[in-house]
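Please open the structure in your viewer and keep the selection tool at hand. The tour below goes from one selection to the next and says what is there each time.

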Amino acid sequence: MQFQMEMVSRDTVVVRLYGELDHHAVEQIRSKISAAIFQGAVSTVIWNLGGLSFMDSSGVGLVLGRMRELEAVAGRTILLNPSPTMRKVFQFSGLGPWMVDATEEEAIERVRGIVNG
């Protein structure tokens, strides 16, 4: 499992996940994102799932937990380009409204439009 976090604006981070996301990888990712949220540096998380080949229930828990943390700062979440299998998992988990098929740039522009609009 590999991941990258990139601050793309003063309060938006893109998290790129690659390979297989299971319970072994979740803790490292959770601690980095949560720290940024709690420090007040992040109010929007864009999860780029295009490079993810597998995700178990701990991945859903990772996303849901960060969404709860973001609620405290009226934050936003975007689930970008999930695979068809992950799309089904997110739909069953109630996360369907946060899924977007777009480029990272389009997702970032969408966030800017929400903030400015």
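Begin by selecting R16 and E6, whose side chains meet in a salt bridge with 2.5 Å from N to O; a salt bridge here is a side-chain nitrogen of Lys or Arg within 4 Å of a carboxyl oxygen of Asp or Glu. R16 lies in strand β2 and E6 in strand β1, so the pair ties together parts that are 10 residues apart in sequence. Helices (H or I, at least four residues) and strands (E, at least two) are DSSP runs, numbered from the N terminus. R16 is buried, with a relative accessible area of 13%, whereas E6 counts as partly exposed at 36%; buried means under 20% relative accessible area, exposed over 50%, and partly exposed in between, with a 1.4 Å probe and protein chains only. If you add E104 to the selection, you have a network of salt bridges that links E6, R16 and E104.

Before going on, note that this is a predicted model, in which local features need pLDDT of at least 70 and side-chain atom pairs count only at pLDDT 80 or more, while totals for chains, interfaces and linings use all residues. Residues are numbered from 1 along each chain as its sequence is written, and side-chain values use heavy atoms, with hydrogens and water left out.

Now select the strands. They form an open sheet of five, in the order β1-β2-β3-β4-β5 and with mixed pairing, where two strands pair if DSSP finds at least two bridges between them. The edge strands are β1 (2–7) and β5 (99–100), each of which pairs on one side only.

Follow the sheet from β1. A hairpin of four residues connects β1 to β2, and these two strands pair in the antiparallel sense over six bridges; to see one place in this pairing, select M5, which stands opposite V15 in β2. Seven of the 10 residues of β2 are buried, so this strand is largely enclosed by the rest of the structure.

On the way to the next strand, β2 and β3 run parallel and are joined by nine bridges, and V13 has V45 in β3 as its bridge partner. The chain passes from β2 through helix α1 (residues 23–38) to β3, a β-α-β crossover that is right-handed, meaning that, with the strands pointing away from the viewer, the path from the first strand over the helix to the second runs clockwise. Farther along, β4 (residues 76–80) and β5 run parallel with two bridges between them, and L80 stands opposite V100 in β5.

Next, select helix α2 (residues 57–71), which packs on the sheet and touches β2 (12–21), β3 (44–55) and β4, contact being heavy atoms within 4.5 Å. The direction of α2 makes about 180° with that of β3, where axes are lines fitted to C-alpha atoms, for helices over the stretch in contact, and angles run from 0 to 180 degrees between N-to-C directions.

Which parts of the structure cover the buried residues of α2? Among them are β2, α1, β3, β4 and α3, and the buried residues themselves include V60, L62, V63, M67 and L70. Within this helix, pick E69 and R66, which form a salt bridge with their closest N and O atoms 3.0 Å apart. E69 and R66 are three residues apart, about one turn of the helix, and both are buried.

For another charged pair, select R87 and D101, whose side chains meet in a salt bridge of 2.7 Å from N to O. This pair links distant parts of the chain, with R87 in helix α3 and D101 in the loop between β5 and α4 (104–116), 14 residues apart. R87 counts as partly exposed at 25% relative accessibility, and D101 counts as exposed at 55%. By the rule given earlier, the count comes to six salt bridges.

Finish in two loops. Most residues other than glycine have a negative phi, and most peptide bonds are trans. A74, in the loop between α2 and β4, has a positive phi of about 50° although it is not a glycine, and A74 counts as exposed at 61% relative accessibility. N81, in the loop between β4 and α3 (84–92), has a positive phi of about 55° and is not a glycine either, while its relative accessible area of 25% makes N81 partly exposed.
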